[in-house]
Each structure stands twice: as structure tokens, then as C-alpha cells.
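User: I'd like to go through this model and hear what stands behind each label. Can you set the values against the cut-offs as we go?

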Amino acid sequence: MSSEESPAERLERERAWALAGGDRARLGTKLPVRERLDLLLDPGSFTEDGLFASVVHERLPADAAVTGTGTVDGRTVAVIAHDPTVKAGSWGRRTVEKQIRVLERADRERIPVVYFVDSAGGRLTDPIGFHPGPRGAGRIFHMQVRLSGRVPQVCCLFGPSAAGGAYMPSFCDWVGMVDGNASMYLASPRIAEKAIGERVTLDEMGGARLHTEISGCADELCADDAEAIAKARSFLSYLPSHYELRPPGAEPRPPAATGWGGVLPESLRSPYDVREVIVRTVDADSFFEVKPRWAKEIVVGFARVDGRAVGIVASQPKVRSGAIYVDSADKAARFITLCDAFNLPLLFLADLPGFMIGSKVEREGIIRHGAKMVAAMSSAEVPRWCVVLRKAYAAGYYAMCGPGFEPVATIALAGAQIGAMAGEAAVNAIWANKLAEIEDPEERAAFIRQRSAELDEELDALRLASDLLIDTVVQPEELRDELRRRLEATADWERRGPGRHHGAFPV
């Protein structure tokens, strides 16, 4: 400070310097950190903490992270936003302390957290400052775990999320990655080559497409920063601010489509897109799909029915016949747990042959992963409904919330089948020796048709409803109103009293 500069003048000069950030030439196609926050938060709502961190000590504007609180659609959220123009968004002692403090505040006040991640990781020039102590980076992850299931945590990944910092997105409820810019990895390609001799590109190691399509570590592939932020706002709109509140409602809308002609093929084996069922069942433009590029044989996401928020878990017959694989079991289990944590009722739309079978999936642990999905579904205390669209066979029926798991109701569409296996498959299992004895192919085919028809009749939804094994059978055109009434009837549901602290489920 010069002798002629007053304290007020010095404050304003340093404030302007800190707000300006670092070298914007480093951004490329990225938006500056404060422009990102302008897109997220309601105008004029941001209150910043720690703007002057490292301004005097190291001359690092805000020490590479912008933290504070603001509002999204009028609801308070905490924000952590890395500034890649300052030391590549890396974490030093004060960067870590700022992040810990805002997470501790979110824990005290029970407010959602939005993370804008764009960081090269821990600042190796300050290893003692950011890493080993009780207020080191480990405390950040501890706080994220403490917040999990208490408040929503949403991450927009705009650039790198490197080394231990890669766990920041992994503890979030939703992660959007910007294609071409975002990456997430425990070790960079250079370190991997030095340590284990593997030569790989950055995209192959941890690019946005890898994590949204193959690993499942991220939820949405976004074209740019603005799309990621818009998706994050939409995701938050379905969730309450904390676990003791109900999800916010919205103005009811009619479905985007109403005609059912040609949507559900007559043949139980023919593929179709289950999203065509969803758009005829939920409010127009309300379906927010989660992880659409990963484990595509199952579809999960948020929607609204007459303005009420619900979670949807749906078989996808056009991909792998809708059978449940290892990844799709994990995808469903994670989504079910999220909905249960934040009080969203669950709607299961079943049309599947069951869990996938074969030596490949057995080696991958399909039993263990399937058990994880069943455990998540069975443990959920929110109201749940099972809707059988065309077929639900074997343990797949159980995983999709069959009657043994206490759904509010099990509903089937006319003509649907429910059983251990399809009639034709059962014929080949039951009468294998008999079929081997029939030499005439036409006679054998006639035997199979006759027996299959007899067994299929036993699996018919109307037959099961007659025996009170399911609750009702409806026409497709009646499904939305059926669900709307049933959802309204459970509006005042309550959780059970205290029980065990948690199960020891498969992982």
C-alpha cells in the first residue's frame, strides 16, 4: 500500500483484483468461474466467503476457489467453484479450508451443495498444507459422506478432476461432464506411464465419454458449460433441500402424448422404446433421465405425475431385451437409494426376461450385483408401485418390486405375463425328454405350441388378478389415471420408526 492510499482504497483495489481472477487465456472454450455462477444462481443472491484468501500471502485470487451461498429458484444452496485461471484450480491449504468451511455450513444448515469442479488436484508445492492434517483434503470427502442422503449434492465437471480430487464428483448425487474439456482420473496419463508403463490418452484415461458411457462414474454428457449448469438446476428441481422435506411440487400438465396405438407390440419378444410408455404416463416435458448413456437396458430418472415428483425405474426392451446386467443392477440400485433418501415415490415399469444368465455375467458377479439392487429396492421406505407392461419373469420380477416386497400395488396391463419363465421356455425345460423322443418336426412343433399355450394361460395377468396375486389389470390408456389416483392416496405417507442402523448388503 502506498503512503497516499487509504484503507478503503486499498480494499477496493484488492477486491477488484481478487474478483478478476487469473489468466483468462487458459480458459479456451470454458466460461470464467463467476459467469458460471451467474448461470446457476438467482440474480443478486450470491454471498461469497473467502474472497480475500491468499490475497496478501501468495497473491492468488480467492486461492483458486470461489465459495459461498446463493439461491436456485429461491432455495438456498452452498457452492464450491474452482477457478482454473488461478494455479489451474489446484488446492492449497486455504483452498481446502474454504471448501471445508462451506461444507460444514451446509451440514449445519441442511442446504444442498453445488460443486463446479475444474481443478488440477492438490498443489504439490504445498503438500503439507493440503494433504495430511485433520483439516486437509480428506476432511472434504468426510464432509461429503456426512452430507450424503441429508442434502442433495450436484457436480458440474468442467475441466480436470485429478488424483484424490476425483473423489469429489464421485460422492455427488449427479455429475454432468462437459464433452472435450472435463476429465476425471486418479493418475494422469503421464504418471500412469511412469508408474506402470501404460501409455494412454487423456480421453482414454478419464474423458467425459468414458465416464458417461463405460465406467458409469458420471451421469450426463454435456456440450458446454451452460448446458451442464442448466441440467444441474433441473436435477435440483426434483429434490427437497434436505431429507426431512418432501420434494417440491409443480403445476400439473397433461402428458405429451396420449395415443397408445402401436406403442406396445403384440409379441412379447418384439422390442420397443420404454420412453414411449413414460411420455404417455407422466406430465409433459417432466422426464429427467439419469445416466442415459450407461447400462441402457434399464432406464431411470425423475418425472412428475400430476405435478408430483416420482422416480422411475423402467426395463428397456429395445436394449438387450431389458434383461438386468451387472451395470444396470448397479445403476438401478444407486437411483433407488437416491430416491428413497430424498422422499421420491418409486414407479417400477417392468418388461423383462429376468437377470442375464451365462458364464460371462456370473464371473462379473451378477448374483452379487443383483442382490444389491434387490436390497436397495426392498429397503426403500418411500411408496413403490410395480407395473408389468408386458412380461416379468424369474427374479427380474422380484427386482422390479414384485408383490413380495410390499409395493403399494402391483398393476399389470392387459395381456401381460408374470411367472418363473415364458411358456415356451418352460416347455423345453419340463418336457425335454419327451421332445427328444418326437422325431417328426411338425409333431414336435405342435406339441410345443399346445403346451406353451397352456402354460401361458397360467401366466396371464387376468388369471393372476383373479387369484389375488396382483392387485389390478388395466388398459394402457388407463395407466396414468390409475397411477395419479394411487400417488395422491399416499401423499401423507410416513417412514417407519427407528430400526437397525443399516443392513450389511452386497457391494
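**Helix pairs, then single residues**

Analyst: Let's start with helix 3, which makes a left-handed crossing as it passes helix 5. Everything here comes from a predicted model, where local features need pLDDT of at least 70 and side-chain atom pairs need 80 or more, while totals for chains, interfaces and linings use all residues. Numbering runs from 1 along each chain as its sequence is written, and side-chain values use heavy atoms, without hydrogens or water.

User: What makes the crossing of helix 3 and helix 5 left-handed?

Analyst: The label is about the sense of the turn: left-handed means the near helix is turned anticlockwise from the far one by less than a right angle, and clockwise would be right-handed. Helix 3 (residues 93–109) and helix 5 (residues 137–147) pack at about 20°, with axes 9 Å apart. Those axes are lines fitted to C-alpha atoms over the stretch in contact, and the angles run from 0 to 180 degrees between N-to-C directions. Helices here are DSSP runs (H or I, at least four residues), strands are E runs of at least two, and both are numbered from the N terminus.

User: And why are helix 3 and helix 5 called roughly parallel?

Analyst: Compare that angle of about 20° with the bins: under 35 degrees is roughly parallel, over 145 roughly antiparallel, 65 to 115 roughly perpendicular, and the rest oblique. So helix 3 and helix 5 land in the roughly parallel bin. On the helix 3 side, the contact (heavy atoms within 4.5 Å) is made by Val96, Gln99, Ile100, Leu103, Glu104, Ala106 and Asp107, and helix 5 brings Ala137, Arg139, Ile140, Met143, Gln144, Arg146 and Leu147. By class, that gives eight nonpolar, two polar and four charged residues. The nonpolar set is Ala, Val, Leu, Ile, Met, Phe, Trp, Tyr, Cys and Pro, the charged set is Asp, Glu, Lys and Arg, and the others, Gly among them, are polar.

User: How do you know how helix 12 is oriented relative to helix 14?

Analyst: Helix 12 (residues 326–341) and helix 14 (residues 366–379) meet at about 20°, with 8 Å between their axes. That makes this pair roughly parallel too, and their crossing is left-handed. Helix 12 contributes Val326, Ala329, Asp330, Ala332, Ala333, Ile336, Thr337 and Asp340, facing Ile366, His369, Gly370, Lys372, Met373, Ala376, Met377 and Ser379 of helix 14. The tally for this contact is nine nonpolar, four polar and three charged.

User: What makes helix 12 count as mostly covered?

Analyst: Twelve of its 16 residues are buried, where buried means under 20% relative accessible area, exposed over 50%, and partly exposed in between (1.4 Å probe, protein chains only). Among them are Val326, Lys331, Phe335 and Cys339. Across the whole protein, 52% of the 507 residues count as buried.

User: How do you know whether the length of helix 12 fits its residue count?

Analyst: The expected span is 1.5 Å times one less than the number of residues. For the 16 residues of helix 12 that comes to 22 Å, and the helix reaches 23 Å from its first C-alpha to its last, so the two are close.

User: Which way does helix 2 cross helix 10?

Analyst: That crossing is right-handed. The axes of helix 2 (residues 33–40) and helix 10 (residues 225–236) come within 9 Å and cross at roughly 35°. Arg36, Leu39 and Leu40 meet Asp225, Ala226, Ile229 and Arg233 there, a mix of four nonpolar, no polar and three charged.

User: What makes the phi of arginine 59 worth a look?

Analyst: Its phi is near 55°, positive in a residue other than glycine. Most residues other than glycine have a negative phi. Arginine 59 sits in the loop between strand 1 (47–49) and strand 2 (65–72). Leucine 468 is another case, with phi near 60°, in the loop between helix 19 (461–466) and strand 16 (472–474).

User: Why do arginine 59 and leucine 468 get their exposure labels?

Analyst: Arginine 59 has 38% relative accessibility, so it is partly exposed. Leucine 468, at 76%, is therefore exposed.

User: And is isoleucine 298 buried or exposed?

Analyst: Buried, because its relative accessible area is 3%. Isoleucine 298 belongs to strand 10 (residues 298–305). Beyond neighbours within four places in sequence, its contacts include Ser328, Lys331, Ala332 and Met373.
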